[in-house]
Each structure stands twice: as C-alpha cells, then as structure tokens.
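Open the model in your viewer and keep the selection box at hand. The stops below come in walking order.

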Amino acid sequence: MSTPPPLTSRLKDALGSLSARLLVAFLLPTLLFLALTGTAVYALARSILEEELGTSLSAIAAATASQVSGERMLTIEPGDDTSGTRTWRNLVRLLTEVRDSSGVRRLYVVDTQGRVRADVGGNLPVGTEVPELARDRLELSRVFSGERAASQVLFLGSDGRFYKTGYAPVRREGQVVGAVAVEGSAAFFGPLARLSRSFAAASGVALGVLGLVAILTARGLARPLRRLMASALRIGRGDLTTPVPPEPTQEIGVLARELEVMRGALESRDRQLKLMLAGVAHEVRNPLGGISLFSGILAEDLKAGAHAEATGHVVRIQHEVEYLQRIVEDFLAFAREQPLSRSPVAAPDLLTEASVLLAADAAAREVTVEVVAEPAVLEADGSLLTAALVNMVKNAVQASPPGGKVRVTGRGEGLGYTIRVEDSGPGVPETERERIFEPFFTTREKGTGLGLPLSRKIARAHGGDLRLVPHPGTTTFELTLPLVPVPERP
C-alpha cells in the first residue's frame, strides 16, 4: 500500500499550480486595495463628519452664548438651583429651549474656574466642577481667550453612544467670564457603520467574482498548457510521430506551433540518423567482408610460402581499408554540425580551386573541366563551400564519358550567386531524381551516397540551396548562395 504524500508536499504542489497562483495574483492585490481604500474612506468620512459636528455644536454654543448675560450669569451662586431664583430659572429656560430646538443632549454654562452656573441635561448642582472639562483643557484655554472650539476626541456616554462637545465664550463688557458647552451625539456613526458594512459586503462580492474569474481563467490557460505538457512529455519519452495539436490562443498557439516544428525536426533527424546508421552498416559490411576474405587468403598464402600472391592480397586489403576510411570520413562530415566561419570569399577562386583539386581525377578519365565565373564576393565559409563544390564536380567527372566535358559556371542573379555544374553524362533517371539527395543513396558500386546530401547541407547552412535541373542531353546541378550587399558610394 503506497503512502500518501505529506500535507506540506500537497500544499506546496497546490500553491505552485497555475490556478492557485492566478487566484493569489487576482485576489491579494484586490484585497489589499479594497482594505486600504475602505480604511482610508472610512477614516476620511469620520474625520469630515467629526469636524462638521464640532463646527455645528460650537455654532450652537456661540448662538446660545450671545443670549446669555455674563453679568447675570456671575450672580448665580450655589443654592440658587435649590431655591429657584429668577436669574437661574431664566438661564435654564434658555438652555432648555435651545436643547429642545437643536436636538442636542446637554447644555451647560460654566465660569472661568469650570464651576457650573446652569446645567440642562447633566443636572449638576450650581457650583460643582464639571469633570469632563479636564479632558478638554486645551480647547477651553482657546475658548477663555475668546475663540470658539470643539473637543478633539469623541467620548462615550453612559448610553453607549459617542458624543462631542462644542464651546463658545460668554462675555461681560468684552471680557470672557465663562463658557457655554453643548454636547451632541455623533449620530453619523450609525449610517457610517452601515456604509462600512455595505462596502465590506460589496468587497466580498467583488472578491468572489474575481476569484471565479481567476479560476475560470486559470482553467482556460491550464487546459492547453496541460496538452502542451503532455506533448512535451511524449517527445521526451521518444514518441516523435504523434503531432502536437494546435491551440486557439495566440500565445499558446505560437508555443504549440514551435513545439510541433521542433518535434518534426527531431523526427526528421531521428529518421535521418536511423537511415545513416543503416547506410553505414551496409557500406561498412562490404569492405569488412573483403578485408576478412583477403586476410584469410593472405594467411594461407604466407603459410604455403606463396609470397608473390600475398603481395596482391595486401594491396586489395589496403584498397578496402582506404574505402572504409572514406566512408567514415564522409559520414563524420555529414553528421557533424560544423559552425560556419564566414569571411569574404571571391567566387571565381572557389570554382577554380575545386577544379584544380579534381584535375588528376579528370585527367585519368580524360575529362575536360572548364570554369567560367563572374566576379562576386560571397560571405561564406570557404573550406566548406570548396568541399561542396568538389563533391559536385567529382560527381560530374565520374558521370562523364571518356573525352567528355564538365562545365562549371558562376554568375550573379538578382541578390544571389548561382553556381552550375554541367556534364554530358547519361543523366539521372526520373525515378531517382527525388532520392539523389538522400543520405547513402547511390547508383555507383563504390559510392557512399553522402556527397550530394553533404553539399546541399552546406548550401542551406549558408542560406542557399542545391537542386538538380535536368536538361536534354546534360545534367546540371545548381548551387545558389546569397550575395554580400555592396555599400552605396556617397
């Protein structure tokens, strides 16, 4: 029975998935934005409403203070509330009317020592010090200097609500002798709390919608990515025949197409490698068989003392070894991915050098090689292009009858340079024209079948191509190469 993976491993895999990452990428910034925005809006709205409440309360206090006679207020003494003096009753009546008309909770009048002269809503006796004034000492100092002011902080009343106090000075002959205090409820906290709850609910809905969008987006991205992952795993396991399915999404579609191109290239290379291995095995088998045969005969002749015959067998063995060496060299030259070492090369020099290298072979077959090349400069790897031209001219020399002619021409055509190798041999049969560029395909007994494929590979590495152009009575191979652009004269 298999042991399930630990919880930490499962959590790591879940958090590492595309869905989880998109979910975090969608929700985390949004959550932070909503939280910061909600907090900032709440704090700003509370600050504005608090300031507005303080301004309103201090305005009520100022309006009330303008109706209070400072001189009469100072005549109110402790006990007047018990005896109900006329001055005290008139002041209480004024405060009561203001409280009832404005809807505030409490109004009271104090002297500069903070002692109560009249209190409506708090019912403190005359002459009692108001404990709440200790909290607003800074504001009272401004009021006693002749300004209006409101408490900076809210305080919690016995009913569980928040309150604020506004103050205004009471004057007598221009001198501040007391203050009117107005306590009002911060009733805006109810709507503000409802607004906060509504914002939180809307934020929750928005997060839910974004979470759903993130999940759907992640699934929409994950499905084609999983298909691409499955295709990549198949390719990694060696399945190069199953094509990569196309994808409708633009970016993922490009990735799918490139993966399909890679799969096709790998399949082609794998097929080519298998073909080359089969060709090498086939080509190597013949010289190895000859070496084994003649070495056995050589051993028998040496044992019998027939040294004259042994010399001929050694020569045959050497020929087979040379052929085997040529097979290995051609195979390595074709299979090796050689980086191009580009430099400016004169095209006529390439054609002349290839013809000179094959002069001995052409003379042995009594074949004339004619070179006609227009001046041009190629940005190319000279040694590799020479090898490609040698293969082409060598094939033409071997295909030409004794006394024949091989014509090698080069001329600029548009933005390219075309090299043609023509011979008057029997030509390539139509059934074999599509196969002559396949590795190891040859119609000669001692040919490796790698000359033309290697030449085409070199041409394409330079941005050109090699093709067969059949004409009646001649066989022509065309190798095209891009020309170096000539800079314009100023």
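What follows is a short tour, stop by stop.

This is a predicted model: local features need pLDDT of at least 70, side-chain atom pairs count only at pLDDT 80 or more, and totals for chains, interfaces and linings use all residues. Residues are numbered from 1 along each chain as its sequence is written, and side-chain values use heavy atoms, with hydrogens and water left out.

**Stop one: the strands**

Select residues 175-185. This is strand 6; strands (E, at least two residues) and helices (H or I, at least four) are DSSP runs, numbered from the N terminus. Nine of the eleven residues in strand 6 are buried. Buried means under 20% relative accessible area, exposed over 50%, and partly exposed in between (1.4 Å probe, protein chains only).

Now add residues 106-111, which are strand 1. Strand 1 runs antiparallel to strand 6, with six bridges joining them. Two strands pair if DSSP finds at least two bridges between them. Pick out Val110: its bridge partner in strand 6 is Ala179.

Next, add strand 5, residues 162-172. Strand 5 pairs with strand 6 in the antiparallel sense, over ten bridges. Ala168 has Val180 as its bridge partner in strand 6. Strands 5 and 6 form a hairpin with two residues between them. Click on Glu173 in the turn: its phi is positive, about 50°.

**Stop two: surface patches**

Select Arg72, Arg86, Arg89 and Arg93. Together they form a positive surface patch. Helix 5 (residues 86-102) gives the largest share, three residues. Arg72 sits in helix 3, residues 70-75. Is Arg72 buried or exposed? It counts as exposed, at 56% relative accessibility.

Move to Val24, Leu28, Leu32 and Leu36. They form a nonpolar surface patch, with about 390 Å² of accessible area together. Leu32 belongs to helix 2, residues 18-65. Leu32 is partly exposed, because its relative accessible area is 49%.

**Stop three: Arg227**

Find Arg227 in helix 7, residues 189-236. At 40% relative accessibility, Arg227 is partly exposed. Draw a distance from its C-alpha to that of Pro246. The two atoms are separated by 9.8 Å, and the residues are 19 apart along the chain.

**Last stop: helix 13**

Select residues 451-461 for helix 13. Which residues are buried here? They are Leu452, Pro453, Leu454, Ser455, Ile458 and Ala459. Finish at Gly463, just after helix 13, where phi is positive at about 85°.

Conventions. Patch = residues over 30% accessible without salt bridge, like charges linked within 9 Å, V, L, I, M, F, W, Y side chains within 5 Å. Areas by Shrake-Rupley, 256 points an atom, 1.4 Å probe, with all protein chains shown as cover. Salt bridge = Lys/Arg side-chain N within 4 Å of Asp/Glu carboxyl O. Lys, Arg positive; Asp, Glu negative; His and termini not counted. Charge placed at Lys NZ, Arg CZ, Asp CG, Glu CD.
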